[in-house]
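Please open the structure in your viewer and keep the sequence panel visible. The tour below proposes a series of selections and describes what may be found at each one.

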Amino acid sequence: MQDSVDFLVNLIIRPTRAEYEESDLIGGTSKRFTVRGVPARRRDFELPSASGDAIVFSLYHLDGDGDPNANEDGDHVAGKHCVVYLHGNCGCRVDANEVVRLLLPEDICVCSLDFPGSGHS
């Protein structure tokens, strides 16, 4: 009986780390995609946590092609609305895929991350 209780407690307190490949994120390895016919891209980056470990982020935004202020780093998104998607207890960046499909056509950027101990962080 105690083993069953320990198992259930660990599901909540220490869930299994979400595993995924870059290809599971919208845009896959090319990081370019379309949503409702609108060209877009994903920019991945890392920031250090308080303990110095890397926290992995993805910024999804409309493609800046044709925008004279656009560059590969997505700097043209400055000043635009952005939703920061925070996954649940045993989630990861991939969980934001549906939100990305809903918001990008409205020109709302989405930033998702893998919390420390989740996904690729």
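The tour begins with the whole chain and then turns to individual residues.

**The whole chain**

Please note at the outset that this is a predicted model. Display the chain as a cartoon and colour it by secondary structure. Two helices and five strands appear, and their order along the sequence is α-β-β-β-β-α-β. The chain has 121 residues, of which 36% count as buried. Switch to a surface view: about 7400 Å² is exposed, and carbon and sulfur atoms supply 54% of that area. Contacts can also be sorted by sequence separation. Among those between residues at least 6 apart in sequence, 59% join residues at least 24 apart.

**The nonpolar cores**

Return to the cartoon and select Ile-26, Phe-33, Ala-40, Tyr-60, Val-100, Leu-104 and Val-110. These belong to the largest nonpolar core, a set of 14 residues, and they touch the most other members. Strand 1, strand 3 and helix 2 are the elements that each give two or more residues to this core. Another core, of seven residues, lies apart from it and includes Val-77, Cys-109, Cys-111 and Leu-113.

Now centre the view on Ile-26. Which residues is Ile-26 in contact with, once its neighbours within four places in sequence are left aside? They are Phe-33, Arg-42, Tyr-60, Asn-97, Val-100 and Arg-101.

**Ser-58, a buried polar residue**

Next, select Ser-58, which is placed in strand 3, residues 54-62. Is Ser-58 buried or exposed? Its relative accessibility is 0%, so Ser-58 counts as buried. Show the side chains around it. The side chain of Ser-58 makes a polar contact of 2.7 Å with the side chain of Asp-44, and a polar contact of 2.7 Å also joins it to the side chain of Arg-93. Beyond its neighbours within four places in sequence, the residues in contact with Ser-58 include Leu-25, Arg-42, Val-110 and Ser-112.

**The salt bridges**

The structure holds nine salt bridges. Begin with Glu-22 and Arg-42, whose side chains meet in a salt bridge with an N to O distance of 3.0 Å. This pair links distant parts of the chain: Glu-22 is in the loop between helix 1 (2-13) and strand 1 (32-35), Arg-42 is in strand 2 (residues 38-48), and the two are 20 residues apart. Their surroundings can be compared by accessibility. Glu-22 counts as partly exposed, at 30% relative accessibility, whereas Arg-42 is buried, with a relative accessible area of 2%.

Keep Arg-42 selected and add Asp-44. The side chains of Arg-42 and Asp-44 form a salt bridge at 2.8 Å, N to O. Asp-44 counts as partly exposed, at 25% relative accessibility.

Then move to Asp-107 and Lys-80. A salt bridge joins them, with the closest N and O atoms 3.3 Å apart. Asp-107 is in the loop between helix 2 (97-103) and strand 5 (109-114), and Lys-80 is in the loop between strand 3 and strand 4 (82-85), 27 residues apart. Asp-107 is partly exposed at 30% relative accessibility, and Lys-80 is partly exposed with a relative accessible area of 33%. To view a connected group, select Glu-22, Lys-31, Arg-42, Asp-44, Arg-93 and Asp-114, which salt bridges with shared partners join into one network.

**The cysteines**

Finally, select the cysteines. A disulfide is a covalent bond between the sulfur atoms of two cysteines. How many disulfides does the structure hold? The structure holds zero. Cys-109 shows the reasoning for one residue. The closest cysteine sulfur to that of Cys-109 is in Cys-82, 5.4 Å away, and this is too far for a bond, because a disulfide requires the sulfur atoms to be within 2.5 Å. Cys-109 is also buried, with a relative accessible area of 2%.

End the tour at Cys-92, which is found in the loop between strand 4 and helix 2. Cys-92 counts as buried, at 6% relative accessibility. Add Ser-118 to the selection: Cys-92 and Ser-118 are 26 residues apart in sequence, while the C-alpha to C-alpha distance is 6.1 Å.

Technical notes: Residues numbered from 1 in each chain as written. Predicted model: local features only at pLDDT ≥ 70, side-chain atom pairs only at ≥ 80, totals over all residues. Heavy atoms only, no water. Buried < 20%, exposed > 50% of the residue type's maximum accessible area, 1.4 Å probe, protein only. Helix = DSSP H or I, 4+ residues; strand = E, 2+ residues; numbered from the N terminus. Polar contact = N/O pair within 3.5 Å; in protein donor to acceptor, adjacent residues only side chain to side chain. Contact = heavy atoms within 4.5 Å. Salt bridge = Lys/Arg side-chain N within 4 Å of Asp/Glu carboxyl O. Areas by Shrake-Rupley, 256 points an atom, 1.4 Å probe, with all protein chains shown as cover. Core = buried A, V, L, I, M, F, W, Y, C linked by side-chain atoms within 4.5 Å.
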